[in-house]
Amino acid sequence: MTLLLSGSDLSQLLDVTSCLNAIRDGFTAVSSGIEAQRVSTALPGPGSATALIPGLVEGIPAYTVKVNAKFPASRPALRGVVCLHDIASGELLALLDSATVTAWRTGLAAAIGTDAMAGSAAGTVAVIGAGTQAGLVLRGLKALRLVDRLVVCDVDPARGSSFAAVHAGGRTAVIAADAREAARDADIVIVATWSRVPLLDDGDMGPGAHVTALGADEPGKTELSAALLRSARVIVDDTRLAVTSGALGTAGLSAGDAAGTLADVLRGTVPGRTSDSEITIYAPVGLPWQDLALAWTAYQQALRAGIGRHFDFLA
Ligand SMILES: NC(=O)c1ccc[n+]([C@@H]2O[C@H](COP(=O)([O-])OP(=O)(O)OC[C@H]3O[C@@H](n4cnc5c(N)ncnc54)[C@H](O)[C@@H]3O)[C@@H](O)[C@H]2O)c1
């Protein structure tokens with residue numbers, strides 16, 4: 001039997017602390033030696049694409065295959081299913097809503113990267129692109145450190161205002177007119193847009209700021225200029241994918257322009273920051289095992305809580 005887990009099932013089941021732990025464990029797990037793979041094809045609409053992503057990680061007796069649709073003008077913009085299979089038999093254990101799994105795994109992995117690289121007292125956060133992924137980054141970040149000031153910028157003012165109202169946490173969030181204004185006085189900048197032109201350049205942030213940029217996850221998508229990436233300490237999640245599909249390749253940079261990966265930083269083999277004044281950047285493309293870590297956590301919690309519907313695909 002396969003357990004069907006909808007978005008609302010997952011929202012009931014997932015909690016930030018368990019998921020942060022699952023994602024952190026994945027980053028520090030012994031490497032399976034299997035290269036992260038994703039197959040992605042552009043579709044006819046503006047910015048539309050489909051991605052097929054198989055996930056495997058040491059320590060979890062299952063694997064995932066995520067089938068995602070990326071349609072920037074739709075709500076949610078990312079949707080599809082995550083298939084969770086038993087590693088020994090291939091049995092289809094669960095089918096999960098990928099909009100929720102993707103947002104949680106992307107947001108919480110980004111929160112871990114941000115917290116590991118930002119200065120210890122950094123509390124003013126600017127969000128550029130007030131959408132689904134940024135919302136989960138902020139939820140994760142608030143579980144890891146004090147966020148005492150929020151600045152929000154979105155090309156859609158209504159989205160920016162409603163994001164600010166949900167995430168300001170009783171304080172007043174500032175709405176910025178554009179990305180540069182949002183970033184100017186921020187300690188931490190979260191960028192999660194569909195942009196294909198750089199939104200931030202060298203000199204747009206003050207000394208010591210940290211930027212986590214999520215939007216450059218397909219060739220041609222870009223949020224940070226080559227000059228900014230060159231001048232900063234850049235950490236990625238996968239060096240090869242950062243060049244073939246991510247921020248480095250689209251900016252014309254190479255693997256040598258990254259100081260290391262977030263796994264290196266979390267294992268303590270590469271520092272996330274080397275001085276209080278340097279600009280640091282975390283630019284992930286998203287790792288396949290993160291879908292598995294999230295799906296497995298949700299599946300275990302669903303079995304315990306008796307949530308979800310059983311369906312027999314082989315009937
Ligand atoms: N790196 C990763 O691990 C990873 C994982 C999942 C999604 N993503 C990417 O993150 C991005 C955001 O995804 P989402 O699901 O949050 O989308 P979303 O549509 O929910 O949110 C994006 C927001 O950005 C705003 N926006 C677009 N262009 C902007 C600009 N130039 N300036 C300011 N705001 C702008 C939109 O109005 C929207 O509110 C996408 O590019 C997606 O492909 C990355």
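These questions and answers cover salt bridges, one helix and the nonpolar cores of a predicted model. In this predicted model, local features need pLDDT of at least 70, side-chain atom pairs count only at pLDDT 80 or more, and totals for chains, interfaces and linings use all residues. Residues are numbered from 1 along each chain as its sequence is written, and side-chain values use heavy atoms, with hydrogens and water left out.

Q: How many salt bridges does the count come to?
A: A salt bridge is a side-chain nitrogen of Lys or Arg within 4 Å of a carboxyl oxygen of Asp or Glu. By this rule the count is 8.

Q: Which residue meets Lys66 in a salt bridge, and in which helix does that residue lie?
A: The N to O distance in this pair is 2.9 Å. Helices (H or I, at least four residues) and strands (E, at least two) are DSSP runs, numbered from the N terminus. Lys66 sits in strand β4 (residues 62-70), and its partner is 225 residues apart from it. The partner is Asp291, in helix α11 (residues 288-305).

Q: Are Lys66 and Asp291 buried or exposed?
A: Buried means under 20% relative accessible area, exposed over 50%, and partly exposed in between (1.4 Å probe, protein chains only). Lys66 has a relative accessible area of 1%. Asp291 has 0%. Lys66 is therefore buried, and Asp291 is also buried.

Q: Which residues are linked with Lys70 in a network of salt bridges?
A: One link joins Lys70 to Asp217, at 2.7 Å from N to O. Lys70 lies in strand β4 and Asp217 in the loop between β11 (210-213) and α7 (226-231), so the pair ties together parts that are 147 residues apart in sequence. Both Lys70 and Asp217 are buried. The network links Lys70 with Arg38, Asp217, Glu218 and Lys221.

Q: In the salt bridge of Arg180 and Asp204, which residue counts as partly exposed?
A: The two side chains meet at 2.9 Å, N to O. Asp204 has 14% relative accessibility and counts as buried. At 42%, the partly exposed residue is Arg180.

Q: Within what arc do the buried residues of α5 fall?
A: In helix α5 (residues 157-167), Gly160, Phe163, Ala164 and His167 are buried. They line one face of the helix, because their directions from the axis fall within a limited arc. The arc is that of the directions from the helix axis to the C-beta atoms. Its value is 100°.

Q: Which residues are exposed on the other side of α5?
A: Cover for the buried residues includes β7 (124-128), α4 (132-144), β8 (149-153) and β9 (174-175). The exposed residues on the other side are Ala158, Ala165 and Val166.

Q: Where does the largest nonpolar core lie with respect to domain 1 and domain 2?
A: A nonpolar core is a set of buried Ala, Val, Leu, Ile, Met, Phe, Trp, Tyr and Cys residues joined through side-chain atoms within 4.5 Å. Of the 48 residues in this core, Ile23, Phe27, Leu84, Leu96 and Trp104 touch the most other members. Domain bounds come from an automatic or database domain assignment. Domain 1 (2-102 + 288-311) and domain 2 (120-282) both give residues to the core, so it lies between them.

Q: Which element gives the largest share of this core?
A: Elements that give two or more residues include β1 (2-5), α2 (16-28) and α3 (98-117). The largest share is 9 residues, from α11.

Notes:
Contact means heavy atoms within 4.5 Å.
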